[in-house]
Amino acid sequence: MTNLPARQRRSLNGEWQALVDPYASGIGEWKAVWKDRTASAHDDFYEYGFDDDVTLEVPGDFNTQRPELMYLEGSVWYRKAFEYDAAAARREGRRLFVHFGGANYRADVFLNGEKLGSHEGGFTPFQFELTERVRDGKNRLLVHVDNERRKDGIPAQGFDWFNYGGLTRDVDLVETPATYVQDYFIQLAPDSLRRVDGWVRVAGSAPRQPVRVRIPELGVDVRAQAGADGRARIRFEAPFEPWSPERPKLYRVHVSTPDDALEEDIGFRSIAVRGDEILLNGESVFLRGVNLHEEIDGRRAYSEADARRLLEQARQLGANFLRLAHYPHNEHLVRLADRMGLLLWQELPVYQGIDFADPDMRARLDAMLAEMIGRDRNRAAVVLWGIANETSSSPERDAALAALAQRSRRLDPTRLVGAALYGPGFDGNTLTVGDPLVDALDVVGVNEYFGWYTPWPVEPEQAVWTPFGKPLLITEFGAEARHGHRGSEDTASAWSEDFQAAFYRKQLRMLAGVPFLRGVAPWVLADFRSPVRLHPFQRGAHGHGYNRKGLLSEHGERKQAWQVIHDYYEEVRP
Ligand code: GCB
């Protein structure tokens, strides 16, 4: 269901009892931790038990909460008791759900010893209905979360960030009427700044409900009728002031049926591509971006306060755009970006070595895409769905990602589809993006590391990029430096701020000559934990590995490169 903040809910955030089970021995029938039994007679014997000595805070990754869990890639059981007046709820016909903002990577959820269901994917929300199973009085919810990296996972086994596991996002109990407003899409039609073309979806036993959408500030009051499938089409025109980074105007929108009512602040803007330009509200825009991982203070970021700090840092840099790498970030951040006026690229964790030949992969990709779009489709800030990062062309991959791009447009015709591709090939001075996926995209992202992973093919001023008739974003470029470390401007192995700053100056000299460049996003805002970073200069506190391509250190200290990008953004700002 959409719009959690507006619903009748009770937070299950806070302390949960935990049982660390690295071999996942409790998931089978033998130990069966999920049955959540307590011994009642002296010959009753169960070889597990929860107590208050081992607890974890939710939301939050488990790795950084207890030293013994730092490098765990395995299972942890979480348990939480709650009281519920099920008799009253039944009398009044209310339904009850448990909603998870995200659990990395796989979650199995049980209520009072019975399985509710499973969910795969670490960065998208999911819910289970408890109505028929919840007891009067005390109930116990049990969640088995397993963050083992998997060959068939999204992402798969190799990735350059820390594999934070656990109940990393908010958990809520949500009550709804028997028939309730499950979801809606209230956004401008792609070709208009006045006309909304959307829908409301009602769920429940009597879905043929009259639906009403109001925007009091604009005098909008629209009525429609949901059909047997619970869907009502919503169409109206209004003199919207468009949402933009300069003026992120939001309107209070009321969506109701006779039994249910929700309110939400929504922005209205258009995003489109014309030739090689990106048009925001009909005008060409240059994306002054930066890449962001969902990490702060050496842990998974999860709160609105975390989001505020991260987005403030981006704003101080002069950014109007963030690429949320490499997975959908939490909803707090997206909602805050809506209020602060920051454009977002929200991305699926389709990263490098995905097993596209796996026959089940398409279904998994579709499910994840639907969950990502389902959560954020009313957020004006989100302008681009990123469907992949650095995947290599093969018949299976080309077909799967082209289909995914199409599916994204069907689910949400109002946003652009992009992907971050590997850097261009070159022939003499000519640089060419040869990936066949270009055809399936609205906006082409390119990650290039000339001067870091690969030598410069030409002098920057000499490079000639072959046009492909679409907007180009440099979705990644960067080099590593340890904050405070000085050294040669010419030597990558110096790990110096001087080298990193010179790297960016050189890159910007090349990019100045690309006529269809519509934005850049340095990799990355801040140094972030990565267990694959093994060099002494990459070591942080307690010897943990960090990717040091941040413009900021992991403590938020500015490197010289920060100023280079800041000055560039001042220069290109309209
Ligand atoms: C990339 C990846 C990113 C890495 C980065 C790096 O191309 O997309 O996830 O962290 O390079 O620093 O190597």
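## Domains, interface and local backbone

Ala24 is found in the loop between strand S2 (14–21) and strand S3 (55–58), and this residue has a positive phi of about 50° although it is not a glycine. The model described here is a predicted one, and the backbone values below should be read in that light.

Two further backbone features are cis peptide bonds. One runs from Asn104 to Tyr105, with omega near 5°, and Tyr105 lies in the loop that joins strand S5 (95–100) to strand S6 (106–111). The other runs from Ala325 to His326, where omega is near -15°, and His326 belongs to the loop between strand S24 (321–324) and helix H3 (331–340).

On the scale of the whole chain, the domain assignment gives domain 1 (4–176), domain 2 (180–267) and domain 3, the last of these being assembled from the segments 273–479, 495–525 and 556–572. The centres of domain 1 and domain 3, taken over C-alpha atoms, are separated by 33 Å. To the contact between them, domain 1 contributes 27 residues and domain 3 contributes 28 residues.

About 2400 Å² is buried between domain 1 and domain 3, with carbon and sulfur atoms giving 60% of that area. Nine residue pairs are in polar contact across this interface, counting pairs with both residues at pLDDT 80 or more. By class, the side of domain 1 that touches domain 3 is made up of twelve nonpolar, eight polar and seven charged residues. The count of salt bridges between the two domains is four. Arg364 and Glu120 form a salt bridge in which the closest N and O atoms are 3.8 Å apart; this pair qualifies because the cut-off is 4 Å.

The UniProt record, an unreviewed entry, offers a further division of the chain. Its annotation "domain: Glycosyl hydrolases family 2 sugar binding" is placed at residues 10–177, while the annotation "domain: Glycoside hydrolase family 2 catalytic" covers residues 271–507. The secondary structure of each span and the separation of its end C-alpha atoms, as computed from the model, are set out below.

| Span | Helix | Strand | End C-alpha separation |
|---|---|---|---|
| Residues 10–177 | 4% helix | 38% strand | 15 Å |
| Residues 271–507 | 29% helix | 26% strand | 28 Å |

Key: Residues are numbered from 1 along each chain as its sequence is written. This is a predicted model: local features need pLDDT of at least 70, side-chain atom pairs count only at pLDDT 80 or more; totals for chains, interfaces and linings use all residues. Side-chain values use heavy atoms; hydrogens and water are left out. Domain bounds come from an automatic or database domain assignment. Contact means heavy atoms within 4.5 Å. Buried area is the accessible area (1.4 Å probe) that two parts lose on being put together, summed over both. A salt bridge is a side-chain nitrogen of Lys or Arg within 4 Å of a carboxyl oxygen of Asp or Glu. A polar contact is a pair of N or O atoms within 3.5 Å; within protein, one must be able to donate a hydrogen and the other to accept it, and residues adjacent in sequence count only if both atoms are side-chain atoms. Ala, Val, Leu, Ile, Met, Phe, Trp, Tyr, Cys and Pro count as nonpolar, Asp, Glu, Lys and Arg as charged, and the others, Gly among them, as polar. UniProt positions are given in the numbering used here, feature names are shortened, and annotations may be inferred rather than shown by experiment. Helices (H or I, at least four residues) and strands (E, at least two) are DSSP runs, numbered from the N terminus.
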